[in-house]
Amino acid sequence: HSHGHGAARGLRFEPVEPNTEDRVVVPEGYTQDVLVRWGDPVLAGAPVFDADKQSAKAQALQFGYNNDYVALLDIPGDRHGKLLVANHEYTSEEMMFSGYDSENPSREQVEIAWAAHGFTVLATEEHRRGGKLTTVPRHRLNRRITATTPFELTGPAAGAELLRTSADPEGRTVLGTLNNCAGGTTPWGTVLSGEENFNQYFAHTDAVTDPATKERLARYGLSGGASERKWERYDERFDVTKEPNEVNRFGWIVEIDPNDPESTPRKRTALGRFKHEGANVRLTRDGRAVVYMGDDERFDYLYKFISKERMRRGHGRWVREHNARLLDEGTLYVAKFSGDSPAGQIDGEGALPSDGEFDGRGEWVKLASGDRSHVEGMTAEEVYIFTRQAGDKVGATKMDRPEDVEPSPRSGKVYVALTNNTKRGTDGAAPADEANPRNQNKHGQVLELTEHWNNPASTRFGWRLFLVCGDPEDPATYFAGFPKDKVSPISCPDNLAFDAHGNLWISTDGNALGSNDGLFGVAVRGRREGEVKQFLTVPKGAEVCGPVIDDERVLIAVQHPGEIDGASADNPLSQWPDGPGKAVRPAVVTVWPKDGRRIGD
Ligand code: FEO
Ligand code: CA
Ligand code: CA
Ligand code: CA
């Protein structure tokens with residue numbers, strides 16, 4: 001463990017080298033196990049998974065497809081129980097169904113896909129020693145939420161005309177959640193997750209003629225004919241010519257209470273509508289909830305929401321009901337960044353400016369509070385439902401795809417994964433600025449934001465780039481000043497998490513350096529600040545999601561393994577996790593030290 005011992009606490013492991021292996025590669029001294037994969041049983045009656053005989057009925061009782069966000073929560077009163085909450089972002093029909101005809105999907109295939117979206121809540125059990133977990137199918141807390149589960153729309157835009165449909169004239173009940181990407185666990189015990197690329201599910205937006213509606217749809221990436229999955233053939237609500245407002249009922253942050261399998265999950269309109277990556281909460285000193293959120297699109301924005309009410313502590317029914325309304329009233333803000341380097345020094349090549357750092361100041365610009373709009377020419381309802389356009393109007397800073405936004409529980413500093421933006425500075429698009437310092441940015445950056453006086457309710461902040469990602473040999477990269485010959489290459493940061501030592505863990509999606517995606521740990525303060533170390537890599541075509549880092553184990557979601565151009569169920573280009581001749585299956589993987597040590601000890 002030569003390399004290991006000098007490292008920061010919690011990061012003492014031999015880094016995994018970049019590779020293109022078709023397996024999960026972990027550091028020496030660590031072991032791994034697939035905890036749960038697509039099709040594994042969750043609820044009573046779930047049949048054994050058979051890729052060739054899959055049915056919608058079976059899928060609704062089994063673990064869904066393409067796990068992204070992962071939380072591991074305590075189960076009250078159960079010392080060795082842990083509750084896994086995972087979402088299922090999207091389906092890859094070509095990989096799921098042998099002989100899939102993308103022009104003519106069958107009703108059964110479409111209904112399988114509906115049932116493979118959403119969430120899984122699944123009890124697991126810790127082993128006496130080591131980090132291994134085993135699932136507990138049929139546990140009383142187990143639950144599946146799918147694309148047809150009723151959700152309640154809550155908050156200031158609930159019931160708005162723009163949210164009413166023929167099936168729901170009240171505008172308060174939506175069937176299902178789609179494209180849930182990253183997420184966060186709240187201090188009051190619920191799970192938040194962002195509906196991200198919901199646009200891909202809606203058809204025939206090209207037939208819309210009203211100019212204002214057209215413009216709104218286009219701002220959210222909707223402009224096409226038939227949808228990729230053709231769901232509109234089996235449910236008219238996915239056809240905007242038949243049900244024009246259904247699309248407005250997606251693109252929200254959803255909140256679920258994993259401790260109550262009977263609870264109705266909610267879509268929180270106060271948090272705005274955009275391509276939500278995820279949401280993470282920090283409390284103000286007086287207990288108000290501050291929610292940090294990214295809109296994952298090139299040139300889109302960073303947001304925060306501050307609740308009006310304070311969180312209450314405890315588990316009683318009255319406390320739970322109070323906290324269940326916390327995210328329905330408050331103020332929504334969008335971020336504006338400015339740099340402090342001499343003009344003309346940010347040239348898109350990424351070399352450090354003469355003042356030595358990419359850094360500056362910023363402000364949170366108010367968009368709406370409760371029923372009041374702070375954006376000229378837009379009502380409050382319009383601000384919540386067409387939040388991107390509100391951000392445009394107030395001149396928010398166009399970022400390089402804001403993904404996970406994670407406040408450090410240790411320091412309160414907020415870390416923002418900006419995954420990449422190959423369009424920056426091209427074709428008249430916004431050129432590099434100090435917070436997004438590279439044109440045609442392939443590798444992304446991690447920004448550190450410090451609220452004024454470290455008060456999350458502040459409307460002013462300072463910021464610096466903590467990492468400018470890429471090959472450390474590339475002069476345009478930066479690792480918080482750590483010697484670049486001693487760090488792992490990292491590209492396309494996506495999900496963020498903290499361990500108990502305060503280290504930041506970063507998972508990647510789309511490694512533009514040609515190796516497989518990975519999970520990295522890095523100290524954010526102290527002598528080892530910026531020493532990025534690769535902890536694991538995932539199989540071919542996969543992205544690393546989750547992650548959860550606790551003392552005993554690292555939990556990751558291996559999303560879309562084998563998703564490579566030309567791959568299909570009949571021509572799999574990955575054999576993970578079950579080997580040759582078996583279906584490629586997205587899965588959640590547990591990694592832990594073999595000898596009973598703690599992670600990174
Ligand atoms: Fe679903 Fe932005 O990643
Ligand atoms: Ca500067
Ligand atoms: Ca993501
Ligand atoms: Ca996270």
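Biologist: Which residue follows H4, and what is the sign of its phi?

Modeller: H4 is followed by Gly 118, and the phi of this glycine is positive, near 105 degrees. The model is predicted: local features require pLDDT of at least 70 and side-chain atom pairs count only at pLDDT 80 or more, whereas totals for chains, interfaces and linings use all residues. Residues are numbered from 1 along each chain as its sequence is written, and chains are lettered from A and ligands numbered from 1 in the order in which they are written.

Biologist: What makes H4 a helix, and why is it described as mostly covered?

Modeller: Helices are DSSP runs of H or I with at least four residues, strands are runs of E with at least two, and both are numbered from the N terminus. H4 spans residues 107–116, and it therefore satisfies the helix criterion. A residue is buried if 20 or more other C-beta atoms, placed from the backbone, lie within 10 Å of its own; it is exposed at 12 or fewer and partly exposed in between. In H4, 8 of the 10 residues are buried, among them Gln 109, Glu 111 and Trp 114.

Biologist: What covers the buried residues of H4?

Modeller: The cover includes helix H2 (56–59), strand E3 (78–88) and helix H3 (93–96). Contact here requires C-beta atoms, placed from the backbone, within 7 Å.

Biologist: How many residues of strand E32 are buried, and which residues lie on each face?

Modeller: In E32 (residues 587–593), 7 of 7 residues are buried. Ala 587, Val 589, Val 591 and Pro 593 are on one side, with Val 588, Thr 590 and Trp 592 on the other. Both faces are thus covered.

Biologist: Why are E1 and E32 called paired strands?

Modeller: Two strands pair if DSSP finds at least two bridges between them. E1 (residues 30–37) and E32 run antiparallel and are joined by 7 bridges, so the criterion is met. Gln 32 stands opposite Val 591, and Val 36 has Val 588 as its bridge partner. Val 588 is also the partner of Ala 557, and 5 bridges join E32 to the antiparallel strand E31 (residues 554–559).

Biologist: What is the strand order of the open sheet that contains E32?

Modeller: The order is E1-E32-E31-E30, with antiparallel pairing. E1 and E30 (543–549) are the edge strands, each pairing on one side only. The twist averages 25 degrees from one strand to the next, where axes are lines fitted to C-alpha atoms, for helices over the stretch in contact, and angles run from 0 to 180 degrees between N-to-C directions.

Biologist: How do you know that E18 pairs with E19?

Modeller: The count is 2 bridges, with the strands antiparallel, and therefore it reaches the required minimum. Ala 368 stands opposite Ser 373 in E19. The two strands form a hairpin with 2 residues between them, and Gly 370 in the turn has a positive phi of about 50 degrees.

Biologist: How many bridges join E17 to E18, and how many does E18 form with E24?

Modeller: E17 (residues 330–339) and E18 (residues 359–369) are antiparallel and share 9 bridges; Thr 331 stands opposite Ser 369. E18 and E24 (residues 460–468) pair in the antiparallel sense over 5 bridges, and Asp 359 stands opposite Arg 464.

Notes
Two residues are in contact if their C-beta atoms, placed from the backbone, lie within 7 Å.
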